[in-house]
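Trainee: I'd like a close look at a single part of this model, namely the side of chain A that touches chain B. Please take it slowly and explain the terms as you go.

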Amino acid sequence: MSDYVPSIGLEVHVQLKTRTKMFCACPAHEEGTPNVAVCPVCLGLPGALPTMNREAIRKTVKVGLMIGSEISLRSTFDRKNYFYPDMPKNFQISQQAAPLCIGGSVEIEVGGQKKTIRVNHIHQEEDAAKITHLENSSEIDYNRASTPLMELVTEPDMSSPDEAIAFLTALKEMLVYAGISDCNLELGHVRCDVNSSVRPAGTDKLGVKCEIKNMNTFKGIHRALEYELERQMETLRAGGKLTQETRRWDDVAGVTLPMRSKEYAHDYRYFPEPDLPPVTLDAATVEAWRAELPELPAAKRARFIRDYGLPEYDAGVLTADPAIAGYFEATAQKSQNFKAVSNWVMGELLRALGEKGETIADAKIAPEALAALIALVDAKTINMPAAKEVFQILFDRGGEPAAIVKEKGLAQVSDTGAIDGFAEQAIAANEKVAAEFRGGKEAALMFLVGQVMKLSRGKANPQLAADALRRKLQG
Amino acid sequence: MAMKFSENADRMDARYVAGLARMALSDAEAAQLQGQLDDILAFIGELKQLDVSGVEATDVATEARNAWREDVPEAGLARDVALANAPLARHEQFAVPKVIE
């Protein structure tokens with residue numbers, strides 16, 4: 001396919017969903033008003049001592065357990081030194097020598113091809129402050145400083161932008177499922193450094209690596225990688241040489257550019273953090289945390305296919321959001337018709353939620369009501385257009401489907417006497433079409449069924465209407 | 001920029017380190033600090049001569065483990081108190097000389 005093979009590795013930083021910061025008890029995730037969640041520790045004031053947020057450690061360990069990492073029963077913190085006003089201590093507390101989780105892997109699927117992406121390690125660290133560059137000064141809000149972060153570092157196992165996005169999507173899905181992070185990209189919960197290189201096809205040695213720093217949208221990552229891989233290949237094809245460098249993505253221009261050396265001239269000089277003793281975990285605690293893990297998306301998809309007999313597509317849509325999956329299961333428990341439940345949830349429900357910009361938690365239609373609605377359709381009490389009308393009412397204000405059907409007079413007319421009457425009226429009013437049908441034009445019948453539906457104001461059972469018309473026209 | 005160093009280098013450039021810390025050094029200060037850095041590294045070099053092959057590595061000197069804290073928020077500093085120490089504050093934020101061009 002190509003003369004060069006790309007290798008992509010990701011460093012994914014994820015803000016953990018905790019109430020407090022990593023190393024102090026200030027509230028985490030304080031947005032809006034600047035500098036209202038600060039204390040001597042996260043401001044880096046002299047003499048302040050960090051303490052570890054146990055919940056953050058628990059969440060990072062749970063990520064490790066989900067991807068099959070080896071959990072370090074003893075891990076340590078290190079100082080990563082750099083001088084930038086977003087880090088008031090002049091170092092970030094991170095883990096280098098002995099991170100919390102070692103190894104692991106994530107399964108991805110692109111174009112029907114399954115692939116295993118290996119993870120090198122996951123470590124615990126703290127976020128930097130938010131910095132705004134103005135005309136003549138830079139202003140800093142330390143609310144975000146020391147927000148718990150986990151950094152997951154993959155091996156360079158991805159070979160296309162699509163695979164990189166598939167990895168991030170699978171990871172995000174797991175993290176949301178397990179309540180590790182909300183993974184809201186707009187709020188900067190997930191940020192990536194993207195490493196890439198290309199090597200001549202048929203060779204093993206990785207090419208010269210370029211790192212694109214601080215990417216915060218999946219779309220941006222895809223575009224940046226497409227550009228960057230092409231740039232590297234073009235350079236080599238033209239006989240040029242690549243240098244290992246740090247680049248940034250210019251989203252407007254659609255190009256990656258080398259960062260000025262000043263922006264990343266760091267010499268991190270890691271050394272053990274003397275203010276924090278090692279983290280030690282016992283195997284029983286780790287096992288207890290493992291027991292708290294929810295069913296993961298891949299397992300849930302497999303179960304939906306097996307237990308509810310759903311197509312793979314349905315299982316994928318329904319399990320993409322754990323809340324939707326839960327709603328489906330709650331409804332399916334009250335219903336005999338799993339495929340119909342799936343169709344209603346994937347179709348009408350997701351559409352209606354999308355239109356209102358609501359989540360399933362806001363939905364007024366109870367799972368029992370949806371199940372009852374499906375039963376009314378299956379019993380032919382109402383037809384599909386009427387069912388959709390009832391659905392909309394249930395969605396807007398809740399309630400009980402049978403009562404709404406009665407109130408709105410939506411019950412399907414299956415009374416053959418009434419339908420016969422409508423059929424006679426339709427034929428009488430459309431003699432020409434009736435004649436066409438008698439002359440062998442089968443499609444003409446559909447027009448007449450439409451007329452019966454109209455006369456019955458949508459309530460006739462269409463199958464019975466067709467039968468009645470056929471009897472009268474052929475009789 | 002001047003000579004770099006790594007953790008294993010036996011010499012450290014005082015001006016390079018000062019550059020990373022955005023500190024301006026006079027020639028006299030640079031010379032004095034360079035001398036001190038050289039002395040410190042020479043001492044470390046002496047320590048490196050010792051045979052420690054039979055000694056288990058120590059990353060902490062105390063027996064303390066797990067400086068845990070439960071995930072319960074507490075009030076920190078009031079904003080005006082926090083900003084009082086800043087050389088310059090604007091828009092309720094800490095203001096510093098612009099750090100990118």
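**Where chain A touches chain B**

Mentor: Happy to! Let's start with chain A as a whole, which is divided into domain 1 (4-289), domain 2 (297-408) and domain 3 (416-474); these bounds come from an automatic or database domain assignment. Taken over C-alpha atoms, the centres of domain 1 and domain 3 of chain A are 67 Å apart. Keep in mind that this is a predicted model, where local features need pLDDT of at least 70 and side-chain atom pairs count only at pLDDT 80 or more, while totals for chains, interfaces and linings use all residues. Residues are numbered from 1 along each chain as its sequence is written, and chains are lettered from A and ligands numbered from 1 in the order in which they are written.

Now meet the partner. Chain B has 101 residues, of which 8% are buried, a word we use when 20 or more other C-beta atoms lie within 10 Å of a residue's own (exposed is 12 or fewer, partly exposed is in between, and the C-beta atoms are placed from the backbone). Its secondary structure comes to three helices and three strands, running α-α-β-α-β-β from the N terminus on. Helices (H or I, at least four residues) and strands (E, at least two) are DSSP runs, numbered from the N terminus. Among contacts in chain B between residues at least 6 apart in sequence, 16% join residues at least 24 apart. Two residues are in contact if their C-beta atoms, placed from the backbone, lie within 7 Å.

With that in hand, let's go to the meeting place. Here 38 residues of chain A are in contact with 35 residues of chain B. On the chain A side, the elements giving two or more residues are β2 (52-53), α1 (54-66), β11 (137-141) and β18 (279-280). The largest share, five residues, is from β11(A). By type, this side of chain A divides into 20 nonpolar, 11 polar and seven charged residues. Here Ala, Val, Leu, Ile, Met, Phe, Trp, Tyr, Cys and Pro count as nonpolar, Asp, Glu, Lys and Arg as charged, and the others, Gly among them, as polar.

Next, see how strands link the chains. Two strands pair if DSSP finds at least two bridges between them. β2(A) pairs with strand β1 (residues 68-69) of chain B in the parallel sense, over two bridges. There, Asn53(A) has Arg69(B) as its bridge partner.

β11(A) has its own part to play. Four strands form an open sheet, in the order β10(A)-β11(A)-β3(B)-β2(B), with antiparallel pairing. β10 (130-133) of chain A and β2 (89-90) of chain B stand at the edges with a single partner strand each, so one side of each is left without a neighbour in the sheet. Follow the chain B end of this sheet: β2(B) and strand β3 (residues 93-97) of chain B pair in the antiparallel sense over two bridges. In β3(B), Gln93(B) is the bridge partner of Arg90(B). As a tip for reading any sheet, in a regular strand the side chains alternate between the two faces of the sheet.

To put the picture together, trace β2(A) to β1(B), and then walk across the sheet from β10(A) through β11(A) and β3(B) to β2(B).
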